[in-house]
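Open the model in your viewer and keep the selection box ready. We will go stop by stop.

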Amino acid sequence: MRPAQQALLCDWLRADAAERQWQSLLDIAGAQRLELAEGLLDLLLHAGALHTKERFIHAQWRVERIVWSDVAVLQEAVGLRSAATRESARQQLAAQLQALGEQEPWLESAVRHCLDSRQGETLRQARLQLLQALASWQADQRFGLRQDFAQHARGTTKAITPTEWKWLQAHVPLEALGIARFAPLLWLGGSLTLNTPGGCIDVAAAGLCGLPTRLFGAPARVRAPRRYWLIENRASFERQALAAAPGTCVVWLPGQPPQSWREAMQWLLQQAPAPADVSCDPDPAGVAIALAAGALWHAVGGPALAGPPHAAAGLGRGPAPPAERTRPCLAAAPAGRPRPASHAAHPVHRVANPRPQS
């Protein structure tokens, strides 16, 4: 079968009907392919792929209808999906959506909309992909702009259309999931002074504040604190920022932070190196967050070495309640060396001071 004949056959087989009017197939072929259609009909007849129903008109037999021998087999042979295949895919997609809604109840509204509305399979598959990306984003405790989420979901920052953003916003609390629409901020508290071309910012005077990450760049200067304290839990961050001891800069660690946060924090460490404590939730996602935080100290030239564990009471406060208890920063352990089991019981670990940049 020639490529032109196969292309015409694909056009004929897009409908699932087992029997078609010959005139309707000629209409699909169009005036430019009438001769091709006649030749294709003869070829399919000889191959047993169809048979015809004819009528004797004006002293000759004319084809009135054609009947496919097995329309599903023919569809699969030319690369089209049969009705049964499409139905199976539809059911599988619905099952995936249902399972996702049961696993992540906060996605129930979006899942229900996908299941109840008359969406095409392509659109439904695209929305399932977005919801799966949201689930992994939330599980990894990521934070960032919409562009960051688009990169996470589809590999490029502009891969999610305005219509898709509107749909997501209608069914999912994007801001609560750490997907921001506006300029990224670095939230700080305690002792830190940032001198920028526009003026001096004293974080201690405000208690705590969110500064645009773009401020942390070459023209600015920083008065170094004695230590940093990175806290994952937002409520704990605000509480400790307002009660921070002199010389301590408290930083909100937003889960798996976006690139803008990492770049701002890395610049801050280059300008104002100091040791750090990291406080995160004691779960696998928190372990990954602690590893990422410790990697910042590696990146500025100082090896993140395990220091002696510090009990929470040794940081100028009483024993931490469960919601504030912290885990050792596992990034502080030298690569390839297992951490002693006794360290796991201590709530805080220190990351070594990075070497000052020359």
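## Stop 1: where two helices meet

Select α7 and α9. Ala 126, Arg 127, Leu 130, Leu 131 and Leu 134 of α7 meet Glu 164, Trp 167 and Leu 168 of α9. Keep in mind that this is a predicted model.

Two packed helices are described by the angle between their axes and the distance between the axes. Here the axes of α7 and α9 come within 12 Å and cross at roughly 55°. An angle from 35 to 65 degrees counts as oblique, so α7 and α9 are oblique to each other. Their crossing is right-handed.

## Stop 2: the two faces of α9

Now show α9 alone, residues 162-171. Which of its residues are buried? Colour Glu 164, Trp 165, Trp 167, Leu 168 and His 171: these are buried. Why do they lie on the same side of α9? They cover an arc of only 160° around the axis, which puts them there.

Turn to the face directed away from that buried side. Pro 162, Thr 163, Lys 166 and Ala 170 are exposed there.

Next, bring back the cover. The buried residues of α9 are covered by elements including α6 (108-116), α7 (121-139), α8 (146-154) and β5 (179-180).

## Stop 3: a loop residue

Follow the chain out of α7. Gln 141 sits in the loop between α7 and β4 (144-145). Check its backbone: phi is positive, about 55°, although Gln 141 is not a glycine.

## Stop 4: the nonpolar cores

In soluble globular proteins, nonpolar side chains tend to be buried together. The largest nonpolar core here has 32 residues. Select Leu 188, Phe 216, Tyr 228, Leu 230, Val 251 and Met 265, the ones with the most contacts inside this core. Elements giving two or more residues to this core include β6 (185-190), β11 (227-231), β12 (248-252) and α13 (284-299). Which element gives the most? That is α12, with six residues.

Zoom in on Leu 230. Beyond its neighbours within four places in sequence, Leu 230 is in contact with residues including Val 251, Trp 261, Met 265, Val 278 and Trp 297.

A second, separate core has 26 residues, among them Ala 150, Trp 167, Leu 168 and Val 172. You have already seen Trp 167 and Leu 168 among the buried residues of α9.

## Last stop: the whole chain

Show everything. The protein chain has 13 helices and 14 strands. Buried residues make up 43% of its 358 residues. Take contacts between residues at least 6 apart in sequence: 64% of them join residues at least 24 apart.

How values were computed
Residues are numbered from 1 along each chain as its sequence is written. This is a predicted model: local features need pLDDT of at least 70, side-chain atom pairs count only at pLDDT 80 or more; totals for chains, interfaces and linings use all residues. Side-chain values use heavy atoms; hydrogens and water are left out. Buried means under 20% relative accessible area, exposed over 50%, partly exposed in between (1.4 Å probe, protein chains only). Helices (H or I, at least four residues) and strands (E, at least two) are DSSP runs, numbered from the N terminus. The arc is that of the directions from the helix axis to the C-beta atoms. Contact means heavy atoms within 4.5 Å. A nonpolar core is a set of buried Ala, Val, Leu, Ile, Met, Phe, Trp, Tyr and Cys residues joined through side-chain atoms within 4.5 Å. Axes are lines fitted to C-alpha atoms, for helices over the stretch in contact, and angles run from 0 to 180 degrees between N-to-C directions. Angles under 35 degrees count as roughly parallel, over 145 as roughly antiparallel, 65 to 115 as roughly perpendicular and the rest as oblique. A crossing is left-handed if the near helix is turned anticlockwise from the far one by less than a right angle, and right-handed if clockwise.
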